[in-house]
Amino acid sequence: MIPFLDLKAQYQSIKSEIDAAVLGVLASGQYILGEEVARLEQEFADYCNVKHAIAVNTGTSALHLSLLAAGVGPGDEVITVPFTFVATVSAICYSGARPVFVDVEPVTLTMDPAQLEAKITPRTKAIVPVHLYGQMADMDAIKAIADRHGIAVIEDACQAHGAQYKGARAGSIGTSGCFSFYPGKNLGACGEGGIVVTNSDDQAKTMRMLRDWGQEQRYHHLLKGFNYRMDAIQGAILRIKLRHLEAWTEARRAHGRRYTLLLGGSANLRTPVEIAGRRHVYHVYAIRSRDRDQLQRVLSEEGIQSGLHYPIPVHLQKAHADLGYKAGDFPISEAAAREVLSLPIYPEMPAWHVDQVAAALENTYVS
């Protein structure tokens, strides 16, 4: 069996560090926010080259607070893409705003700037590009449009820890950037977690209050807030893992290059393309095939796990039928949803597993 992801392998590689960090928190008696979380915030802000990082309990909460801090509320519109995990859109709905979709580019499957400006109305308050699978969207083009209209850009970087656009880290270009620390992410907690990064002093202050019941100091509630606080154990674990992130990223990138080398000549498969000037961190290595479902069955028969990210675009999800979209509205997203197949990739993955996955594909579909 070749697993899609092996979290146990990562834990075993740094077990002594993780165990010591967890035991340190348990001994401290400080289990929510506290020193470990504060240190994580500073270290992650430094990693992203921004002034502030605000740690929260999930990536969804990070998106929600970013929208609220940008002034998004009922009656507003927020533009994003339908080819993403549903949490991107759910966070917009939590704020009371209406999600408005633009289609994705056919190569990167990230927001298509050419379609963006036509969707802006007087009600548009923010744009949320999604850095899908570990590669950043075209931030220069998106930011230029947003700046012309005075609109906030909130980066959904939940799959893009360490990704870069022309040398700038994911999360550092927009008004704010949001990350998930779900266990399977490139930087994952041993549980739930998330973080927002920003250079805005005012927004950072607002989000710190909002995550902790809207209080500036204990029992002084200035805002109607939430319980979005990060556990100290997760903060301690993430601090350890952050020190390894660059090495893990380079391992992912090496696996991605190997897959592309072995599969790139196929007439039946399309491999991911790393755009010049962008550092792809391969949270997901997603190939595309019109025979995707059959291909997944073949891999399964060979003992190779794979994934689907994402088989139903958000605008066709029953939960969001109220938005009024229909099949055919976003053809690139819909085609991708039918075709994408995610291959095993994680830092500790043996190189020969990459070769074995490629060989299984070559024996079936690669011409």
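## A tour of strands and helices

Select strand β1 (residues 52-56) and then β9, and you will find that the two run antiparallel and are joined by five bridges; strands are DSSP runs of E with at least two residues, helices are runs of H or I with at least four, and both are numbered from the N terminus. Two strands count as paired if DSSP finds at least two bridges between them. What you are viewing is a predicted model, in which local features need pLDDT of at least 70 and side-chain atom pairs count only at pLDDT 80 or more, while totals for chains, interfaces and linings use all residues. Residues are numbered from 1 along each chain as its sequence is written, and side-chain values use heavy atoms, with hydrogens and water left out.

Stay with β9 and look for isoleucine 54, which stands opposite valine 196 in β9. Next add strand β8 (residues 176-180), which runs antiparallel to β9 and is joined to it by five bridges; here glycine 177 stands opposite valine 197 of β9. Five of the five residues of β9 (194-198) are buried, so this strand is largely enclosed by the rest of the structure; buried means under 20% relative accessible area, exposed means over 50%, and partly exposed lies in between, with a 1.4 Å probe and protein chains only. If you display the side chains, Gly194, Val196 and Thr198 point one way from β9, whereas Ile195 and Val197 point the other way.

Now select helix α2 (residues 15-28) together with helix α8 (residues 232-242), whose axes come within 9 Å and cross at roughly 150 degrees. That angle makes α2 roughly antiparallel to α8, a label used for angles over 145 degrees, with under 35 counted as roughly parallel, 65 to 115 as roughly perpendicular and the rest as oblique. On the α2 side the contact (heavy atoms within 4.5 Å) is made by residues including Ile18, Ala21 and Val25, and on the α8 side by residues including Ile233, Ala236 and Ile240.

Move on to β13 and β14, which run antiparallel and are joined by four bridges, with tyrosine 285 having leucine 343 of β14 as its bridge partner. Both faces of β14 are covered, since Val340 and Ser342 on one side and Leu341 and Leu343 on the other are all buried. Finally, select helix α11 (residues 331-339), where the buried residues are Ser333, Glu334, Ala335, Ala336, Ala337 and Glu339; these pack against β13 (285-288), α10 (292-301) and β14 (340-343).

Definitions and conventions: Axes fitted to C-alpha atoms, helices over the stretch in contact; angles between N-to-C directions.
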